[in-house]
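Me: I would like a close look at a single part of this model, namely the surroundings of the ligand. Please treat the matter in one connected account.

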Amino acid sequence: MIKPDAVGNGHTGKIIDQIISNGFRIVAMKYTCLSEETAGRFYDVHRTRPFFKDLVDFMSSGPIVAAVLEKNNAVEDFRKLIGATDPKKAEPGTIRNLFAKSIEANAVHGSDSDENAAIEANFFFNQFERF
Ligand code: CMP
C-alpha cells in the first residue's frame with residue numbers, strides 16, 4: 001500500500017517506478033480511500049497498541065494506492081526495498097528513506113508474511129480469484 005503521505009506528496013509514480021524496476025510484477029492495483037472503519041479492520045492486529053487511533057486517523061486522511069505484487073521471495077525482497085518502519089532507521093536508497101516523514105507517515109506498507117499477503121490481497125481485491 002502507498003500511504004496517504006506519499007500519495008498526497010506526489011510520490012506515487014516514483015514509488016511505482018521503484019517497485020517495477022526492482023523486479024516486482026503488479027497484478028492488481030487500486031487508487032482509493034479508506035474509511036476509519038476500513039482502516040481499523042485492515043490494521044486489526046494493532047487494535048490494542050497505543051498508536052492504533054493515530055494510525056487509523058492517518059490512514060483514513062487521504063487517498064491510498066493498494067497493490068498486489070508478485071516476485072520470487074516477494075515479502076522479504078519488498079521489505080528490503082521499503083526499509084525499516086521508522087524512516088530514521090531505513091537504509092539509504094530505500095523507499096522509506098527517500099519518501100517517509102515519520103514512523104506513522106512512512107510512505108508504504110508491506111505484508112510481513114506470505115500468509116498475511118494473501119489476507120491483505122483479499123482485503124482489497126476480494127473478487128480476484130488468483131488469491
Ligand atoms: P505498517 O508497516 O503499515 O504497519 C503498522 C503501522 O503502524 C506501521 O507501518 C507504522 O506506520 C505505524 N506505527 C505508528 N507508530 C508506530 C510504532 N510506535 N511502532 C510501530 N508502528 C507504528
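How do the residues of the shell around the ligand divide into nonpolar, polar and charged?

Reply: The model is a predicted one, and the description below should be read accordingly. The shell around the ligand divides into four nonpolar, four polar and three charged residues. Its members are K3, Y43, H46, F51, L55, T85, R96, I103, E104, N106 and H109. As to location, the ligand occupies the largest pocket.

Several of these residues place polar atoms beside the ligand's oxygen atoms. For K3, a polar side-chain atom lies 2.7 Å from an oxygen atom of the ligand. R96 also contributes through its side chain, where an N or O atom is 3.4 Å from a ligand oxygen atom. With E104 the backbone is involved: one of its polar backbone atoms is 3.4 Å from an oxygen atom of the ligand. On its own the ligand has 450 Å² of accessible area, and the protein covers 78% of this.

One member of the shell, H109, merits separate attention. H109 belongs to the loop that runs between α6 (95-99) and α7 (114-124). Its relative accessible area is 15%, and H109 therefore counts as buried, the cut-off being under 20%. The side chain of H109 also makes a polar contact of 3.0 Å with the side chain of E120. Thus H109 is listed among the residues around the ligand and is also joined to E120 by a side-chain contact.

Notes: Residues numbered from 1 in each chain as written. Predicted model: local features only at pLDDT ≥ 70, side-chain atom pairs only at ≥ 80, totals over all residues. Heavy atoms only, no water. Near = heavy atom within 4 Å. Polar contact = N/O pair within 3.5 Å; in protein donor to acceptor, adjacent residues only side chain to side chain. Areas by Shrake-Rupley, 256 points an atom, 1.4 Å probe, with all protein chains shown as cover. 1 Å grid on protein atoms, 1.4 Å probe; cavity = no way out; pocket = protein on both sides within 12 Å on 5 of 7 lines; lining within 4 Å. Sits in = over half its atoms within 2 Å of the grid points. Nonpolar A, V, L, I, M, F, W, Y, C, P; charged D, E, K, R; others polar. Helix = DSSP H or I, 4+ residues; strand = E, 2+ residues; numbered from the N terminus. Buried < 20%, exposed > 50% of the residue type's maximum accessible area, 1.4 Å probe, protein only.
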